[in-house]
Amino acid sequence: MAKEDYPLANERNLAKILSAFSWQDSSDDLYRMTLSAIESLSSIRKSRSKREVSRPNSRGAKLKKLEDSIATLDHRQNRAVIETVDGVQRIRGLAGSGKTIVLALKAAYLHTQYPDWQIAVTFHTRSLKGQFKRLINNFCVEQSGEEPDWSKIRIVNAWGAPGGDERDGIYYEFCRVTGQEFHDFRSASYRFGGGDRAFDGACQAALNAVATPPELYDAILVDEAQDFAPSFLRLCYAMLKPPKRLVYAYDELQNLSGASLPPPEEIFGTDDRGQQLVSLGDDPRRDVILQKCYRNSRPVLVTAHALGFGIYREQPKGAETGLVQMFDQPALWEEIGYRVREGRLAKGEHVVLERTDETSPRFLEDHSPIDDLVVFLQFGDEAEQNAWLVEQIKKNIEEDELRHDDIIVIHPDPLTARERLGPIRKALFEMGIQNHLAGVDTDPDVFFKTETPSVTFTSIVSVK
């Protein structure tokens, strides 16, 4: 029996009941909590461990408030999750705009809607594997009460290697199914060149060797596509059954090599009749831009972009500007959430750009002064720097009410990170503060330790 003000609803009268609600008379918190429950965001975004805070203005309390604030999808994210197109869909957004969350939700949504589909989720950074698995599992449990069928929805590395399902990868699977030679990084580097050329050459060679590629999947979702050569996206496209449902997400600004992904028409080329295999056209469902950043506040994001582009770098002799890189298309700045405050957005023109309250929500920065959000420090030597860092981590845990997994220490040089981070980690161990070097003390697929509180140390490659 329904109680007054608590109506019973079914699929026939739900829309009518919802349309009679007056949200203006309710608190904003109630509306957000309702949306969060419907979208299952409150459960999939649960912290890895419970956050205990006792002081209202501690860093831990501020972080808890931020986590509670980001409990719903915005309209662009929602559209990217729900809308599925026959063919290729591109999702673009800056760091912290929710690309990984959207891809995980989309994969889980497709799996619950079409349980017989073979779906693959792949990525560049191996430590993303655990996060994808957790997000997809939680969402499926919320929506259907059951864990996903992991034989139908696979979380796989891009490259892969022999050694069972945990080591499998899209490229390795292609080679295994077609019976052609598989190249690991060493052999690919020897044959095609080092760095990015190794995987690019391996994927292109695999495609060239097969006249009729195997159609293994109903949908493939690719994260961090900016770190892949177009040949890997073509490999994924070739492995899809018609109508070739490929979703790839990327950040124009996370690849500091200066090379951006070409447009899809160029990536996928033409068929035997000279027709474009892929064209996004003007369909907003096929080209989704996530403008709003939820992880990085405006001061942090703008500082990172200023440093990455060399905005304030002194102009070298003989050079036109001090910039170290720049977009080929100036309008891209507006697409990623900036607007012109002064000047004109065109090549050779002076312009002042700013992020808006819409694309960089104020609640991400209003909790602390800017000098606490972005800090630059200078030390006399490395030992002085290390001692300061150790004391700050100790203070974060003992006084600021932060958990171990709230803290990440990033070393910019992956070749020397293990050696240079050693003294800092040793000092923390002597204080009784557990820590680990991601991908060295843990499996390459694991970034945060879940079984015990531990501060994460990492190189810049793994942290992405």
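This briefing walks through two sheets, the helices that pack on them, and one loop residue. Keep in mind that the model is predicted. One sheet has six strands, and another has three. Helix α6 packs on the six-stranded sheet, while helix α17 packs on the three-stranded one.

**The six-stranded sheet**

- Start with the strand order, which reads β3-β2-β4-β5-β1-β6 in an open sheet with parallel pairing.
- The edges are taken by β3 (153–155) and β6 (287–290); each has a single partner strand, so one side of each has no neighbour in the sheet.
- On average, neighbouring strands here are turned by 15 degrees against each other, direction ignored.
- For a closer look at one pair, find strand β4 (residues 217–222) and strand β5 (residues 240–250), which are joined in the parallel sense over five bridges.
- Within that pairing, L221 sits opposite V247 in β5.

**Helix α6 and its partner α5**

- Helix α6 (residues 99–113) packs on the six-stranded sheet and touches β1 (88–93), β2 (119–122), β3, β4, β5 and β6.
- The direction of α6 makes about 150 degrees with that of β1.
- Helix α6 also meets helix α5 (residues 75–82): their axes come within 8 Å and cross at roughly 35 degrees.
- The crossing of these two helices, α5 and α6, is right-handed.
- On the α5 side the contact uses Q77, A80, V81 and I82, and on the α6 side it uses V102, L105, K106 and Y109.
- Sorted by class, the residues in the contact of α5 with α6 are six nonpolar, one polar and one charged.

**The three-stranded sheet**

- This open sheet has the order β9-β11-β10, and its pairing is parallel.
- Strands β9 (408–411) and β10 (435–437) are the edge strands, each pairing on one side only.
- Neighbouring strands of this sheet are turned by 20 degrees against each other on average, direction ignored.
- Strand β10 runs parallel to strand β11 (residues 455–459), and three bridges join them.
- Look for N435, which stands opposite V455 in β11.

**Helix α17 and its partner α16**

- Helix α17 packs on the three-stranded sheet by touching β9, β10 and β11, and its direction makes about 170 degrees with that of β10.
- Helix α16 (residues 382–398) and helix α17 (residues 417–430) have axes that come within 10 Å and cross at roughly 40 degrees.
- That angle is why α16 and α17 are described as oblique to each other.
- Helix α16 passes α17 in a right-handed crossing.
- From α16, the residues E382, N386, L389, V390 and I393 meet R420, P423, I424, A427 and L428 of α17.
- The residues in the contact of α16 with α17 comprise seven nonpolar, one polar and two charged.

**A loop residue to find: Q180**

- Q180 lies in the loop between α8 (170–178) and α9 (185–192).
- If you set aside neighbours within four places in sequence, Q180 is in contact with F174, C175, A205, A206, A209 and V210.
- One of these partners, A206, has its backbone oxygen 3.1 Å from a polar atom of the Q180 side chain.
- How far apart in space are Q180 and A219? They are 24 Å apart, C-alpha to C-alpha, and 39 residues apart in sequence.

Note on methods:
Residues numbered from 1 in each chain as written. Predicted model: local features only at pLDDT ≥ 70, side-chain atom pairs only at ≥ 80, totals over all residues. Heavy atoms only, no water. Axes fitted to C-alpha atoms, helices over the stretch in contact; angles between N-to-C directions. Helix = DSSP H or I, 4+ residues; strand = E, 2+ residues; numbered from the N terminus. Parallel < 35°, antiparallel > 145°, perpendicular 65-115°, else oblique. Left-handed = near helix turned anticlockwise from the far one by under 90°. Contact = heavy atoms within 4.5 Å. Nonpolar A, V, L, I, M, F, W, Y, C, P; charged D, E, K, R; others polar. Pairing = 2+ DSSP bridges. Polar contact = N/O pair within 3.5 Å; in protein donor to acceptor, adjacent residues only side chain to side chain.
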